[in-house]
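Student: Could you take me on a close look at one part of this protein? I would like the strands and the loop that follows the first of them, along with whatever connects to that region.

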Amino acid sequence: MSDEVPVTAAPEDGRNPTVTGRTGPDRAEPPSDRPWTALWVTALALPPFALLAAASWFGRWVRPGADDWCFLPRVRDDGVSGLVGKFYFDDNGRVANALLVGAYAKFQVAGHQWFPLVSGVLVLAVLWAVAELALRRAGLRTPRGLPLLLAAMSTALFLFVTPNTYKTFYWPAASVSHTLPPVLACAALIPLLLARTRRGRVLAVAVALLMAAFLATLSEETAIVVVMVLLAVLLVSGRVVPAADRGFVRLWCAGGIAGTAAGALVLITSPGSTNRRERFGAETTSLLAPDSLAAALRAFAEITVTVVTTWQYVGGVAVGVLLGLLCRRPDGTTPRPPAHWPLLTAAGLVTLLVSGYLCTVIAYPVFQDRVSDPSANRLWNDYLLLYVLLLVGVGALLGLAVRRRTRRTAPAKAVCAALCVLVCVGPAMALSNLDTAMRDRAGKWDAQDRRLREGAASGERVLPYERLVISQMLEPFSKGGEQYWPGGCVADLYHLDRVTDGARGR
């Protein structure tokens with residue numbers, strides 16, 4: 001992808017900005033679009049892109065586990081519509097979630113293996129498109145390859161700088177519920193950024209309304225983040241949005257909030273949602289009880305400490321600084337920071353903290369103190385993408401500040417470039433170890449799959465099952481063999497009456 005107008009274009013007034021003699025904040029600078037600049041910027045996108053490519057390739061070792069055991073026989077026997085009905089009437093009311101789960105479960109094991117590649121490409125494509133369009137809409141020109149670098153680094157930080165990459169990226173059920181929803185919310189920005197005509201603006205508002213309704217029945221946590229972001233935009237729009245666009249932006253935000261409310265109404269009134277609240281004691285009174293709110297606050301504080309002390313997220317700041325150092329106006333001058341950047345920064349921070357805490361509040365009744373455990377990190381993803389994007393924004397402000405105070409930006413560029421590479425080293429090592437564990441489990445899973453299918457075909461009704469745990473995923477006979485779930489789903493998949501604990505038999 002590249003900018004619509006080549007960055008080498010001359011200013012419209014015919015002047016050469018490098019010889020006008022201007023000084024100060026708006027001085028013209030040597031062009032940042034030289035071939036060498038575009039080359040090294042594009043090269044910096046290779047490490048995070050390689051992470052995504054390798055992780056997608058390792059997806060061939062993914063095998064079902066936990067909730068997947070229950071989705072597979074339901075979709076096989078009743079189709080996607082059967083799964084939608086089960087979610088709506090029995091499980092949780094998330095009809096959009098059931099649609100996406102059914103889309104990959106329809107292909108059984110192959111669907112699980114292809115899911116990492118498809119979802120990874122989707123995340124990168126959406127963030128790339130948003131970066132490209134946002135820079136163009138802001139009237140900024142950058143070296144070719146910088147939007148790709150922004151998208152690739154944000155994707156890598158979001159997917160792989162996590163305590164449990166398997167549950168974030170490889171487990172389709174968790175990805176559908178917590179990883180993809182914030183990305184789909186970003187996708188709703190594309191029509192907004194493209195809207196130029198009245199028809200385009202109507203389409204953007206319609207997409208915001210429909211996408212918000214979809215997200216509300218896909219992930220309650222992401223719906224909360226979406227509403228908080230839209231409310232923040234509404235509050236600051238009077239100062240930061242130009243008057244010509246202010247009415248449209250406010251209408252777009254109102255459409256998103258209305259869509260979320262409509263979807264939430266479908267979800268909350270569903271029999272499945274009622275069953276879930278009763279099952280986990282998450283009724284409104286218990287959800288908002290002082291003890292629950294205080295415990296959720298402690299848990300969110302623990303999550304915040306874990307995330308903030310994960311040093312690899314500095315890659316988001318580094319790539320943002322590069323953006324601030326390399327972007328320029330069409331006439332070649334240095335862009336000024338937004339006039340109300342303190343307001344924007346404060347609004348972003350408050351939105352992140354409030355939405356993150358509210359997400360923890362609604363998850364706490366189900367997960368209790370485990371909500372802040374690294375094994376439950378998938379629950380953080382609903383607001384983690386917002387955190388990464390805010391880091392990029394803060395980095396851009398820092399880059400502009402450095403650029404406006406000195407002409408020698410080469411040292412800052414070198415440091416940021418080194419950080420963009422270094423932050424990928426740890427995730428690369430973790431992915432390599434995870435690949436080994438996934439490959440080992442896949443071999444054992446396939447052997448057991450053949451044994452169970454052959455046993456069922458020969459008329460056996462009860463067969464032993466050996467637990468194949470990876471990345472703290474739930475398997476039958478956990479807690480020392482006391483917990484049977486999801487053993488019943490395993491038996492359904494293989495047309496058995498029951499499976500027994502293979503470890504005890506051995």
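Tutor: Happy to; here is a walk through that region, with a little context first.

This is a predicted model, in which local features need pLDDT of at least 70 and side-chain atom pairs count only at pLDDT 80 or more, while totals for chains, interfaces and linings use all residues. Residues are numbered from 1 along each chain as its sequence is written, and side-chain values use heavy atoms, with hydrogens and water left out.

The protein's secondary structure comes to 23 helices and 2 strands; helices (H or I, at least four residues) and strands (E, at least two) are DSSP runs, numbered from the N terminus. With a radius of gyration of 25 Å, close to the 23 Å that the globule rule gives for 506 residues, the protein is as compact as a globular protein of that length. That radius is taken over C-alpha atoms, and the rule is 2.2 Å times the number of residues to the power 0.38. Of the 506 residues, 51% count as buried; buried means under 20% relative accessible area, exposed over 50%, and partly exposed in between (1.4 Å probe, protein chains only).

Now to the strands. Strand 1 and strand 2 (residues 498-501) run parallel and are joined by 4 bridges; two strands pair if DSSP finds at least two bridges between them. Leucine 463 stands opposite valine 499 in strand 2. In a regular strand the side chains alternate between the two faces of the sheet. Strand 1 shows this: Leu463 and Tyr465 point to one face and are buried, whereas Val462 and Pro464 point to the other and are not.

Next comes the loop between strand 1 and helix 21, where serine 471 lies. Most residues other than glycine have a negative phi, and most peptide bonds are trans. Serine 471 has a positive phi, near 50°, and is partly exposed, with a relative accessible area of 24%. Phenylalanine 477 lies in that loop between strand 1 and helix 21 as well. Its phi is positive too, near 70°, but phenylalanine 477 is buried, with a relative accessible area of 6%.

What links this loop to the rest? Side chains of opposite charge can pair when their charged atoms come close. Here, arginine 441 and glutamate 475 meet in a salt bridge (3.6 Å, N to O), the term being used for a side-chain nitrogen of Lys or Arg within 4 Å of a carboxyl oxygen of Asp or Glu. Arginine 441 lies in helix 20 and glutamate 475 in the loop between strand 1 (462-465) and helix 21 (478-481), so the pair ties together parts that are 34 residues apart in sequence. Both arginine 441 and glutamate 475 are buried.

Helix 20 also holds a salt bridge of its own, between the side chains of arginine 439 and aspartate 435 (3.1 Å, N to O). Those two are 4 residues apart in helix 20 (residues 425-457), so about one helical turn separates them. Aspartate 435 is buried at 8% relative accessibility, while arginine 439 is partly exposed at 40%. The structure holds 11 salt bridges.

Finally, look past helix 21. A cis peptide bond, with omega about 0°, joins tryptophan 485 and proline 486, and proline 486 is found in the loop between helix 21 and helix 22 (487-493).
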